[in-house]
Amino acid sequence: MALSTTDWLTLALVLITGFYAWATFKILRANEAVVAAMQGQTEAQLRPYVVVSAAPRTGTTLMLLEIQNTGHSPATALSLSLDRDFFPHAEYREAENIAKLPAFTQPIESLAPGARLQFVLGVGGTIFAPGVDESICPKVFCVRAKYSFAGRAYDENHVIDMRPMLHSAAIQDPVADELKRLRESLEGFLKK
């Protein structure tokens, strides 16, 4: 049985329609992937980022533990915890145990963008002194930060390793140094 011209045209139309349906499906999948990537990028730009670090205070050897929200939105329902006790200045005083402070035992409703919490760990010479008990003043510890934003929960562990800071130089601020010299010279001038 031979196919008529109408049958050939109908077959061609079915094949072309099938191809368009397949191509449209592929375009739809590609668009869904683009939308998902854009949503991920938007979230990454807008979300809070709770960053935990230990560093010396500028111009000194005083070590600080710093928790900061470096993101663009508040970190809500923030819960911080230390995996070990930490007693500042390597001195056992239960009331000063950083792991037991309210910031690490009670939830923080909201940590605003740019907000930072600082806790004194001690002077480098004391923290790194030979024979310091690691159960009182550990050189490596972990801070866990759990928080949420826009219905999404984040659970991050920050390992703080202070050992590389041993024998490092204090960070100096040239502007602060110049202001100090200016103040000292002004005080000397006023005393005359």
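User: In this predicted model, is Ala90 buried, partly exposed or exposed?

Analyst: The model is a predicted one, and in it Ala90 has its place in the loop between β3 and α2. Buried means under 20% relative accessible area and exposed means over 50%. With a relative accessible area of 22%, Ala90 is partly exposed.

User: What is the phi of Ala90, and which residue in the loop between β3 and α2 has a positive phi of about 60 degrees?

Analyst: Most residues other than glycine have a negative phi. Ala90 departs from this pattern, since its phi is positive and near 55 degrees. The residue with a positive phi of about 60 degrees, although it is not a glycine, is found in the loop between β3 and α2 and counts as partly exposed at 27% relative accessibility; this residue is His89.

User: Which residues are linked with Glu91 in a network of salt bridges?

Analyst: Glu91 lies in the loop between β3 and α2, and with a relative accessible area of 34% it is partly exposed. In space, the C-alpha of Glu91 is 9.4 Å from that of Thr126, although the two are 35 residues apart in sequence. The salt-bridge network that includes Glu91 also takes in Arg93 and Glu96.

User: How many residues apart in sequence are the parts that the pair of Arg116 and Glu66 ties together?

Analyst: Side chains of opposite charge can pair when their charged atoms come close. The side chains of Arg116 and Glu66 meet in a salt bridge, with an N to O distance of 3.5 Å. Because Arg116 lies in strand β5 and Glu66 in strand β2, the pair ties together parts whose separation in sequence is 50 residues.

User: Is each partner of that salt bridge buried or partly exposed, given relative accessible areas of 47% for Arg116 and 16% for Glu66?

Analyst: The cut-off for buried is under 20% relative accessible area, and partly exposed runs from there up to 50%. At 47% relative accessibility, Arg116 counts as partly exposed. Glu66, with a relative accessible area of 16%, is buried.

User: How far apart are the closest N and O atoms in the salt bridge that Arg144 forms with Asp155?

Analyst: Arg144 is partly exposed, with a relative accessible area of 34%, and Asp155 also counts as partly exposed, at 43% relative accessibility. Arg144 forms a salt bridge with Asp155, in which the closest N and O atoms are separated by 2.4 Å. This pair links distant parts of the chain, with Arg144 in strand β6 and Asp155 in strand β7, eleven residues apart. The distance asked for is 2.4 Å.

User: How many salt bridges does the structure hold?

Analyst: One of them joins the side chains of Asp161 and Arg163, with an N to O distance of 2.9 Å, and Asp161 counts as partly exposed at 28% relative accessibility. For the structure, the number of salt bridges is ten.

User: Which residues of the largest nonpolar core touch the most other members?

Analyst: In soluble globular proteins, nonpolar side chains tend to be buried together. The largest nonpolar core here has 32 residues, and the elements that give two or more residues to this core include β1 (50–56), β2 (62–69), α2 (102–105) and β5 (116–123). Leaving aside neighbours within four places in sequence, Phe104 is in contact with residues including Leu65, Ile67, Leu80, Phe119 and Val143. The members that touch the most others are Leu65, Phe104, Leu121 and Met162.

User: Which residues form a nonpolar patch on the surface?

Analyst: The patch has about 430 Å² of accessible area, taken over its members together. One of the members, Trp8, lies in helix α1, which covers residues 5–46. The residues that form the patch are Leu3, Trp8, Leu11 and Leu15.

User: What is the radius of gyration of the protein?

Analyst: The protein has four helices and seven strands, in the order α-β-β-β-α-β-β-α-β-β-α along the sequence. The globule rule gives 16 Å for 192 residues, and the value for the protein is well over this, so the protein is more spread out than a compact globule. Along its principal axes the C-alpha trace spans about 115 × 45 × 35 Å. The radius of gyration is 30 Å.

Terms used
Residues numbered from 1 in each chain as written. Predicted model: local features only at pLDDT ≥ 70, side-chain atom pairs only at ≥ 80, totals over all residues. Heavy atoms only, no water. Patch = residues over 30% accessible without salt bridge, like charges linked within 9 Å, V, L, I, M, F, W, Y side chains within 5 Å. Areas by Shrake-Rupley, 256 points an atom, 1.4 Å probe, with all protein chains shown as cover. Salt bridge = Lys/Arg side-chain N within 4 Å of Asp/Glu carboxyl O. Rg over C-alpha atoms; globule rule 2.2 N^0.38 Å. Core = buried A, V, L, I, M, F, W, Y, C linked by side-chain atoms within 4.5 Å. Buried < 20%, exposed > 50% of the residue type's maximum accessible area, 1.4 Å probe, protein only. Contact = heavy atoms within 4.5 Å.
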